[in-house]
Structure formats: C-alpha cells, structure tokens
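Dear colleague,

I am passing on the structure below, followed by notes on what I found in it. Please read them with the cut-offs in view, as I give each term its definition where it is used.

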Amino acid sequence: MKTFSSISNFESDKRVVATLGTFDGVHIGHQMIIKKLVDSAKATGGESLVLTFFPHPRMVLKQDNSIRLLNTIEEKKELLKGLGLDNLVIQKFDYEFSQHTAEEFVKKVLVDQFNISKIIIGYDHRFGKNRTADINDLKAFGEKYGFEVEEISAQEIDHVSISSTKIRTALEEVGDMTLANEFLGYEYYFSGVVVHGKKLGRTLGFPTANIVVDEDYKLIPKNGVYVVESELNGELVKGMMSVGINPTFADHPYTIEVNYLDWNGDLYDQKLKVRILDRIRDELKFSGLDELVAKLKGDERVTREFFSAYERKVVLSDR
C-alpha cells in the first residue's frame, strides 16, 4: 500500500476506484466496503484508493477537541494495509479545504488528481462547502465528468453506523471488550512508550510497565482492570492492565499500567502495542495495601484462567 500525505502528492497511471471517509476503527462494516473497493479495482485492472482526513472534521469545524478516536493515523494505516488497499491518501483537513464547493472537489480532486473511474460511496454521503451536495449531485457530476458512482445501500451504511456507535459505547461506558472486539473484527489495541513511574507495583510483587500514549485523541477504554497481551522481544506475553487514577493512594494521576505475567526484562523507553482481550472489573478503592494485594492476586488468577480457556478454545477451533 502506498501512503500519500496530501491529495496533491498522489499520482498513478491507472484508473482509480475510490471511496472516502474517516473510517475510524476500520471495523467489520468498513472492512466490507474496503473489500468491495479492492475487488472492484482488481476487476477493472485499476487501483483502489481511500481518501481520509486528519484532523477529524469535527475537530476543525466545531472546534471539538473532546472527540476520541478508535484509531490513530498509524493504526489506520496498518489496518487498511492488511485489507489489500493500493493507495491511502491522508489529507490535512482545515478551514480552507472545507470551503471547496462540491463541483470544485469533484473536478480538482476526484477527476484531475485521482483520475477516478468509479467512486463507491454511501447513499447518505454529503460533501462540498457546508455539506450541501448529496449522492444525486455526485451522480450528476459522474455523468458530466465520466465516472461511475456506486451507491452503498442504506442497510450497509446503517450497519457501519451501528457498529461505530456500539464500539464507542462498549469501550467508553462499560469497557465491554467482547462486544467491541466482535464489531471491530480484531482485538482493540493501543501503542505507547514505557516510562518510569513510582515503582509501587514492584514493591507489591506486581511490577508494571507504565505506558504513555502520545496521541491524546486515542480512545482508551473505561477505567478498570483488563486482560491484555503484547509482543515483547518477539514473544507473545500475557498480562493484566490497570487503567485509571489509583484511588487507594493520596495522589490520583491517570495511568495505564500493565503487569506482564511470567516475564522479566527492561522495557523502559520501548514502544509497546497492547491488545485488550477482556475486562476483569471496575477500578476500586481499597482500605490498604493488604486488601489491594489480595485483589491483585485475584485479578492474576482471573487473567490466567482467561488465557487457559482462550487457548483451549483456539485449540478446539483448529481441529
């Protein structure tokens, strides 16, 4: 997959089949659209292309910095590449870009720059300055400029919308990883750098990697304790993760801490990918260290039981 940092950087000598959108999460609904895109391009001997935008348009047009996204740009690249996409164009979204009229966008971007033969788009898609144009306008432009418009049905778009809503609700409100991962089609994950913390976990017998996520727009699930796994030095390692403010202690900084089971090593300054498999419990305030340690031992037992059942399920499914 080729990645372009702006529309003006894209070039190809083949006709292009394109779609556009934020594709946040690249979940099972999005995956169906991308598959349709890739298959259509292959059938015509062309190339597939996704045009996406960053920052999210809501961050620019509504000055809404509270929005949390399911994917960082790097994660989105990784997921789309895995779907066989030929080209990904990430256009910086700013006020100036938002002022393009619908026909300016079609002529300058889709026709002159992308040389599209087809665009695959949702029935409810709106575009151009103030989002005044719709699918019917796009079809009219297609006739004028010589490209096909394939409309994604209401049923498919509703499936995409429902999936996105359910994933966000599952992660933010209840931390339901089973539901979120089912709609994503993969285990939800994040990446961050291991930094020095207070090393309290080590004194309690549960040393943790204190992870800082650079992208503050990345959605981290609801505070609590989770079952996770990471690849450390080429080895898949099981762990349990605490997300929250550690209410048992006097100061309450927000932290993401992972205790990796049966593994020792120096992880400081390393960038780790953490896949979140299940939720164990809510964040709790304990009366003291003894109660905290007892609960952590219980969390470890639950984590080990999860992986034991998970591995058995994988083995049985392979037979």
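In helix 8, which runs over residues 177-184, the buried residues are Met-177, Ala-180, Asn-181, Phe-183 and Leu-184, where buried means under 20% relative accessible area, exposed over 50% and partly exposed in between, with a 1.4 Å probe and protein chains only. These buried residues sit on the same side of helix 8 because they cover an arc of only 165° around its axis, the arc being that of the directions from the helix axis to the C-beta atoms. Thr-178 and Glu-182, on the other side of helix 8, are exposed. Helices (H or I, at least four residues) and strands (E, at least two) are DSSP runs, numbered from the N terminus.

The model is a predicted one, in which local features need pLDDT of at least 70 and side-chain atom pairs count only at pLDDT 80 or more, whereas totals for chains, interfaces and linings use all residues. Residues are numbered from 1 along each chain as its sequence is written, and side-chain values use heavy atoms, with hydrogens and water left out.

The cover over the buried residues of helix 8 includes helix 1 (28-44), helix 7 (154-174), strand 9 (224-232) and strand 12 (271-282), with contact taken as heavy atoms within 4.5 Å. At the N-terminal end of helix 8, Asp-176 acts as a cap, with a side-chain oxygen 3.3 Å from the backbone nitrogen of Thr-178; a polar contact is a pair of N or O atoms within 3.5 Å, of which, within protein, one must be able to donate a hydrogen and the other to accept it, and residues adjacent in sequence count only if both atoms are side-chain atoms. Just after helix 8, Gly-185 takes a positive phi of about 85°.

Two residues of helix 8 return in the surroundings of His-27, as Phe-183 and Leu-184 are among its contacts, together with Val-160, Ser-163, Ser-164 and Ile-167, once neighbours within four places in sequence are left aside. His-27 lies in the loop between strand 2 and helix 1, and it is buried, with a relative accessible area of 0%. Its side chain reaches the backbone oxygen of Val-160 at 3.3 Å.

Helix 5 (residues 102-113) has Ala-102, Phe-105, Val-106, Val-109, Leu-110 and Val-111 as buried residues. Seen down the axis of helix 5, they fall within an arc of 160°, so they line one face of the helix. They pack against strand 2, strand 3 (47-54), helix 4, strand 5 and helix 6 (135-145), and just after helix 5 a positive phi of about 55° is found at Asn-115.

Trp-263, in the loop between strand 11 (255-260) and strand 12, is buried, with a relative accessible area of 15%. Not counting residues up to four places away in sequence, Trp-263 touches Leu-232, Asn-233, Glu-235 and Val-237. Between Trp-263 and Leu-232 there are 9.1 Å in space, C-alpha to C-alpha, for a separation of 31 residues in sequence.

Turning to the pockets, the largest pocket has a volume of about 1500 Å³. Of the 46 residues that line it, the closest to its centre are Gly-21, Thr-22, His-56, His-125 and Arg-131. A pocket here, on a 1 Å grid over the protein atoms alone, is an open set of points where a 1.4 Å probe fits, with protein on both sides within 12 Å along at least five of seven lines, and lining residues have an atom within 4 Å of a point. Grid points are joined across faces, edges and corners, and a volume is the space filled by probe spheres set on the points. Helix 7 gives the most to the lining of the largest pocket, with 8 residues.

The second largest pocket holds about 680 Å³ of space. Among the 35 residues lining the second largest pocket, Leu-200, Gly-201, Asn-246, Phe-249 and Glu-257 are the closest to its centre. Strand 11 gives the most to this lining, with 4 residues.

For the chain as a whole, there are 10 helices and 12 strands, and 47% of the 319 residues count as buried.

With best wishes
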